[in-house]
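Visitor: Hey, could you walk me through this one? I'm new to reading structures.

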Amino acid sequence: MLAMNFRGPFRVRADYDQPYPEIEHPGDAIVKVLRSCICGSDLHLYHGIVPDTRIGSTFGHEFVGEVVETGSSVEKLKVGDKVMVPFNIACGKCAFCKQELYGNCHEANPQATAAGGIFGYSHTTGGYNGGQAEYVRVPYADVGPTVIPDWMDPDDAVLLTDVVPTGYQAAEMGGIQEGDTVVVFGAGPIGIMAAKCAWLFGAGRVIVIDQLDYRLEFAEEYAQCEVYNFKMLEDPVVFIKQQTDSLGADVCIDAVGCEAAGDTMNTLLGRKLLLQGGSTTALHWAINSVKKGGIVSIVGVYGPINALVPIGNVLNKGITIRANQASVKRLLPKLTEHVKNGILNPKAMITHRIPLEDVAEGYHIFSRKLDNCIKPVLIPPAGGS
């Protein structure tokens, strides 16, 4: 079958000779992919930053498709169902799944003490093949996959597998109160969605910080927020203090993660030499920009090794930090209603629809920030059906 094939940092290709997935457990399903996305987190893999990303891997943790085969114990799905598949792989029965912490499932990635199971995201998250392919094996098929309502556009559905719930949870974890000032670092799809969702929790002011004007312009229009290019600011932290009567923002959201730009030392140690779990520049700015007693919400991805974090400032300012992978399954019912009622319009974030055959070009465009790319979606040969 056709699938994306990782050949090393900055090298991916469309491979027509990948083996078709098979049922390996009675609870599995095989899904024919109709849409899959390239995520900003996939770029961490593509750039060679995530440990144990093995040659021959197929990426892709955001996808929707049609069930073509089910294991003998699957009860909730049938062949022909169109489903959205959360990026979390969750058993539904462990101690963490019972708390609806589906991103922290204890069974889907038993070799790890921190990361749960994720489709197509290296062997640090279980070594599962992802959805940038014609077909994919979906474990625990009675837990994660959700049937797509008849009225829903598949372009909306595919963004409900990660972008929308992650952006929503970023705002949710911020504990936003009526009238709060919320600052979002990062104007990628997650940051833009976090800014949009901040209004749903009662924010009085939403500010987005990034370095690319085209992304900031998109964020301003899509999320109706204030936007600032940090390259035009002498010091983003000082700027935010000036904007908030010297107090700091009520809530800061780090939607950037390990490839943040803006600080030479962090870039060198975290992105070039790989001596820490990524560049923590955005996290520094969030911690130092938030008010005393404020909340920092982290959804940007960092690696499993140590990173430079100003923990003394966290202590002395009395900051609350909340962070996690989004619990997609928990949020899907609410977010589906928001899409149905027109409160959220996920598909408007899609700027590029790319045939799966051209996956290498898709990664190049997204990685290099070409052609004003915000969110690319890959379409397999059967994806138009």
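Guide: We'll go through a sheet, a cavity and two annotated domains.
Guide: This is a predicted model, where local features need pLDDT of at least 70, side-chain atom pairs count only at pLDDT 80 or more, and totals for chains, interfaces and linings use all residues. Residues are numbered from 1 along each chain as its sequence is written, and side-chain values use heavy atoms, with hydrogens and water left out.

Visitor: What's the strand order in the open sheet of 6 strands?
Guide: The order is S12-S11-S10-S13-S14-S15, with parallel pairing. Strands are DSSP runs (E, at least two residues) and helices are too (H or I, at least four), numbered from the N terminus; two strands pair if DSSP finds at least two bridges between them.

Visitor: And which are the edge strands?
Guide: Strand S12 (226–229) and strand S15 (320–323), each pairing on one side only. Strand S14 (residues 290–298) pairs with S15 over 4 bridges, in the parallel sense. There, Val296 stands opposite Ile321 in S15.

Visitor: Which strands does helix H8 touch?
Guide: Helix H8 (residues 281–289) packs on the sheet and touches S10, S13, S14 and S15. Contact means heavy atoms within 4.5 Å. The direction of H8 makes about 150° with that of S14; axes are lines fitted to C-alpha atoms, for helices over the stretch in contact, and angles run from 0 to 180 degrees between N-to-C directions.

Visitor: New topic: how many cavities of 30 Å³ or more turn up?
Guide: The search of the whole structure finds 1, with a volume of about 50 Å³. A cavity is a set of points on a 1 Å grid over the protein atoms alone where a 1.4 Å probe fits but cannot get out, and lining residues have an atom within 4 Å of a point. The volume is the space filled by probe spheres set on the points, which are joined across faces, edges and corners.

Visitor: What lines it?
Guide: The lining of the largest cavity includes Val85, Phe119 and Tyr140.

Visitor: Where does UniProt put the "Alcohol dehydrogenase-like N-terminal" domain?
Guide: The unreviewed entry places that domain at residues 26–145, though such annotations may be inferred rather than shown by experiment. That stretch is 6% helix and 24% strand.

Methods: On a 1 Å grid over the protein atoms alone, a cavity is a set of points where a 1.4 Å probe fits but cannot get out, and a pocket is an open set with protein on both sides within 12 Å along at least five of seven lines; lining residues have an atom within 4 Å of a point.
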